[in-house]
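Please open the structure in a viewer and keep the selection tool at hand. The tour below proceeds one selection at a time.

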Amino acid sequence: QVHLVESGGGLVQAGGSLRLSCVASVITINNSPLRWFRQAPGKEREFVAGISRNIGLTSVSDSVMGRFTISTDNAKNTVYLQMNNLKPEDTAVYYCNAGGWTVTEPGDYWGQGTQVTVSS
């Protein structure tokens, strides 16, 4: 069974930065794309960023392009989301996701989520 554990969320002022981490517990996750999604209150969960280590492909949503970067440390089975120039509209619960085959479509495995709050 795959376990995904996120960390790094918190409260930050607009313009600030945070780095989220997600550790995957199963070695087979090495073959899966890894992704970040987020869900703001009253809104549907949305794709933020994804990475396929097998083919070196990354994708980020238009709303965070130029501000957020996704990366991995394969030796640590960890995926990161570096978030810079944060805006109040980035406030959401951020979820790590794994499984599946594409960079942007969610797989079956989810973390518990980490809250990011950006104050204006």
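What follows is a short tour of charged side chains and their partners.

The model is predicted. Its salt bridges number 3, and the tour visits each of them before turning to an arginine that has none.

**First stop: Arg38 and Glu46.** Select Arg38 and Glu46 and display their side chains. The two side chains form a salt bridge, with N to O at 2.6 Å. Are these residues buried or exposed? Arg38 is buried, its relative accessible area being 6%. Glu46 is partly exposed, with a relative accessible area of 35%.

**Second stop: Asp90.** Keep Arg38 selected and add Asp90. Here a salt bridge joins the side chains of Asp90 and Arg38, at 2.9 Å from N to O. Where do the two partners lie? Arg38 belongs to strand 4, whereas Asp90 sits in the loop between strand 8 (78–83) and strand 9 (92–98), so the pair ties together parts that are 52 residues apart in sequence. Both partners, Asp90 and Arg38, are buried.

**Third stop: Arg67.** Now add Arg67 to the selection. The side chain of Arg67 meets that of Asp90 in a salt bridge of 2.7 Å, N to O. Arg67 is found in the loop between strand 6 (57–60) and strand 7 (68–73), and Asp90 in the loop between strand 8 and strand 9; the pair therefore ties together parts that are 23 residues apart in sequence. Arg67 is buried, with a relative accessible area of 9%, and Asp90 is buried as well, with a relative accessible area of 1%.

With these four residues displayed together, the arrangement can be viewed as a whole: salt bridges that share partners connect Arg38, Glu46, Arg67 and Asp90 in one network.

**Fourth stop: Arg35.** Clear the selection and choose Arg35, which lies in strand 4 (residues 34–39). Arg35 is buried but has no salt bridge. Which side chain of opposite charge is nearest to Arg35, and how far away is it? That side chain is Glu105, 7.9 Å away. A salt bridge requires the side-chain nitrogen to be within 4 Å of a carboxyl oxygen, so the pair does not count as one.

What, then, lies beside the side chain of Arg35? Select Thr102 and Val103 and display their backbone atoms. The backbone oxygen of Thr102 is 2.7 Å from a polar atom of the Arg35 side chain. The backbone oxygen of Val103 is 3.4 Å from a polar atom of that side chain.

Notes:
Residues numbered from 1 in each chain as written. Predicted model: local features only at pLDDT ≥ 70, side-chain atom pairs only at ≥ 80, totals over all residues. Heavy atoms only, no water. Helix = DSSP H or I, 4+ residues; strand = E, 2+ residues; numbered from the N terminus. Buried < 20%, exposed > 50% of the residue type's maximum accessible area, 1.4 Å probe, protein only. Lys, Arg positive; Asp, Glu negative; His and termini not counted. Polar contact = N/O pair within 3.5 Å; in protein donor to acceptor, adjacent residues only side chain to side chain.
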